[in-house]
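Okay, thanks for coming, everyone. I've got one chain to walk you through today, so have a look at the screen and then we'll go through it piece by piece.

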Amino acid sequence: MADIAKLVEELSKLTVLEAAELATALEEEWGVSAAAAVAVAGPAAGGDAPAAEEKDEFDVILTGDGGKKIQVIKEVRGITGLGLGEAKALVEGAPKPIKEGVNKAEAEEIKGKIEAAGGTVELK
């Protein structure tokens, strides 16, 4: 099971383009379609239509610095490319959005970085 978790972690680092290329390569290698696999797995998992409509764009909202303002400011600067003054204002003005309209993988990555620095994040 640890190998599967490691594989999932590595795959989570792929960009959307890389993930699409991987899907195409696997389809060619195994002679299957990812759409067919999803169609088979969907009904077996319960087939709830509302659950299938998963949100694909998220806003990453900084809710606090957890008392580690300097570390959180550094992460915000790295994520957003903001200058020191703008990043400091964003952190001090929490709750504020760090990034808006990002995919789930990027939102989770940003959340992980901010939480590792000591801050708190909410995904909307």
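Before anything else, a bit of vocabulary: a helix crossing is called right-handed if the near helix is turned clockwise from the far one by less than a right angle, and left-handed if that turn is anticlockwise. Keep that in mind for the helix pair. And one caveat: what you're looking at is a predicted model.

So, the overall layout. The chain has seven helices and three strands. Reading from the N terminus, the order goes α-α-α-α-β-α-α-β-α-β. Out of 124 residues, 16% are buried. As for contacts, take those in the chain with a separation of 6 or more: 67% of them are between residues 24 or more positions apart.

Let's do the helix pair now. Helix α5 covers residues 69-80, helix α6 covers 84-92, and their axes come within 9 Å, crossing at roughly 120 degrees. What do we call α5 relative to α6 at that angle? Oblique, because 65 to 115 degrees would count as roughly perpendicular and over 145 as roughly antiparallel. And here's where that vocabulary pays off: the crossing of α5 past α6 is right-handed.

Who's making the contact? From α5 you have Lys69, Val72, Ile73, Val76 and Arg77. On the α6 side there's Leu84, Ala87, Lys88, Leu90, Val91 and Glu92. Sort the residues of that contact by type and you get seven nonpolar, four charged and no polar.

On to the sheet. As a reminder, strands in a sheet pair through backbone hydrogen bonds, either parallel or antiparallel. Here we have three strands in an open sheet, ordered β2-β1-β3, with antiparallel pairing. β2 and β3 are the edge strands, each pairing on one side only. Ignoring direction, neighbouring strands are turned against each other by 20 degrees on average.

Let's look at the pairings. β1, residues 58-64, pairs antiparallel with β2, residues 96-102, over four bridges. β3, which is residues 120-123, is also joined to β1 by four bridges, again antiparallel. Val60 is a handy one to click on: its bridge partner in β2 is Lys99, and its bridge partner in β3 is Leu123. Next door, Ile61 stands opposite Glu122 in β3. β1 is mostly covered, too, with five of its seven residues buried.

Now zoom in on Gly64, which is found in β1. Is Gly64 buried or exposed? It's buried: its relative accessible area is 14%, and the cut-off for buried is under 20%, so it qualifies. Which residues does Gly64 touch, if we leave aside its neighbours within four places in sequence? Ala94, Gly119 and Thr120. Take Ala94: it's 30 residues away from Gly64 along the chain, yet their C-alpha atoms are separated by 5.7 Å.

And Ala94 brings me to my last stop. Most peptide bonds are trans. The one joining Ala94 and Pro95, though, is cis, with omega at about 10 degrees. If you're hunting for Pro95 on the screen, look in the loop between α6 and β2.

That's my tour, so over to you for questions.

Conventions
Residues are numbered from 1 along each chain as its sequence is written. This is a predicted model: local features need pLDDT of at least 70, side-chain atom pairs count only at pLDDT 80 or more; totals for chains, interfaces and linings use all residues. Side-chain values use heavy atoms; hydrogens and water are left out. Axes are lines fitted to C-alpha atoms, for helices over the stretch in contact, and angles run from 0 to 180 degrees between N-to-C directions. Helices (H or I, at least four residues) and strands (E, at least two) are DSSP runs, numbered from the N terminus. Angles under 35 degrees count as roughly parallel, over 145 as roughly antiparallel, 65 to 115 as roughly perpendicular and the rest as oblique. Contact means heavy atoms within 4.5 Å. Ala, Val, Leu, Ile, Met, Phe, Trp, Tyr, Cys and Pro count as nonpolar, Asp, Glu, Lys and Arg as charged, and the others, Gly among them, as polar. Buried means under 20% relative accessible area, exposed over 50%, partly exposed in between (1.4 Å probe, protein chains only). Two strands pair if DSSP finds at least two bridges between them.
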